[in-house]
Amino acid sequence: MTEAAAALCRRFPPGYSDFGPHAMKITVSDIKAEPQHLSYVEEVEELNQRLGRGVRDFQVAPGMDVDVEYYRAGLDLFFQGTVRGEVVGSCARCLEEYPFPLDRRFAFVLTPRVAAGVARGELSVEELELATYTGEEVDLTPLVYEETILALPTRALCGEGCRGLCQRCGANLNEGPCGCVRAEDPAAHPRAK
């Protein structure tokens, strides 16, 4: 693999496998040296379940569009493409839901686990960086899910200028002043006399 190809590739740890009955799998023997193109709609039920286990900041709208080109070079399998869809975020400041588009380009290389030396049981640092596959099929679903998660913002905000909620009454300050007495006003402070 050339250095340029390595720079384009994103590495995945071993262990990605079954994401349920809706997984998109490609038979390894069908992957040829000539690039092939595949477009399909990825189901997101399992992805949304996983996103819902944490703080529940994001939910992906049903049916992400995936366009992928794939080919083989020796034993390595190359994949590149895009994931597109809609996501609904829950703002960390004002708690309002807001939609935003997802459009993520990806590229990765998978090496057979046996060829990578992973089967020996002890992993070197270089082997940990390798993305590997086993068996006769490559499951694209976990790779697409991973790319989707990486495309999400680290913090859900409806906008950089979001003013959040009033700490006293809980009103959404983006909709205007809440009417609470401001703590900055010394005359309004209960202990001020």
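Hi everyone. Let me start with what I mean by a salt bridge: a side-chain nitrogen of Lys or Arg within 4 Å of a carboxyl oxygen of Asp or Glu. Please keep in mind that this is a predicted model.

With that cut-off, how many salt bridges does the structure hold? The count comes to four.

Let's take R50 and E46 as our opening example. Their closest N and O atoms are 3.0 Å apart, so the pair qualifies under the 4 Å limit. Both residues sit in helix α2, which covers residues 45-51, and because they are four residues apart there, about one helical turn separates them. As for its surroundings, R50 is partly exposed, with a relative accessible area of 36%.

Now over to the strands. R84 makes a salt bridge with D67, and here the closest N and O atoms are 3.5 Å apart. R84 belongs to strand β5, residues 76-90, while D67 belongs to strand β4, residues 64-73, so this contact ties together parts that are 17 residues apart in sequence. Are these two buried or partly exposed? R84 is partly exposed at 36% relative accessibility, and D67 is partly exposed too, at 25%.

Next comes R104 with E147, where the closest N and O atoms are 2.8 Å apart. R104 lies in strand β6, residues 97-112, and E147 in helix α5, residues 140-151, so a strand and a helix that are 43 residues apart in sequence at this pair are tied together. The two ends have their own settings: R104 is partly exposed, with a relative accessible area of 22%, whereas E147 is buried, at 1%.

There is also a network to point out: salt bridges that share partners join D67, R84 and D103.

That brings me to the strand pairing around R84. Which residue of β6 does R84 stand opposite? The residue is D103, a member of the network I just mentioned. The strands themselves, β5 and β6, run antiparallel and are joined by 14 bridges. They form a hairpin with six residues between them, and in that turn L95 has a positive phi of about 70 degrees.

One more partner for β6 before I stop. Strand β7, residues 132-133, pairs with β6 in the parallel sense over two bridges. In that pairing, P112 has Y133 of β7 as its bridge partner.

So β6 takes part in an antiparallel pairing with β5 and a parallel one with β7, and β6 also carries R104, the partner of E147. Thanks, and I'm happy to go back to any of these pairs.

Note on methods:
Residues numbered from 1 in each chain as written. Predicted model: local features only at pLDDT ≥ 70, side-chain atom pairs only at ≥ 80, totals over all residues. Heavy atoms only, no water. Buried < 20%, exposed > 50% of the residue type's maximum accessible area, 1.4 Å probe, protein only. Pairing = 2+ DSSP bridges.
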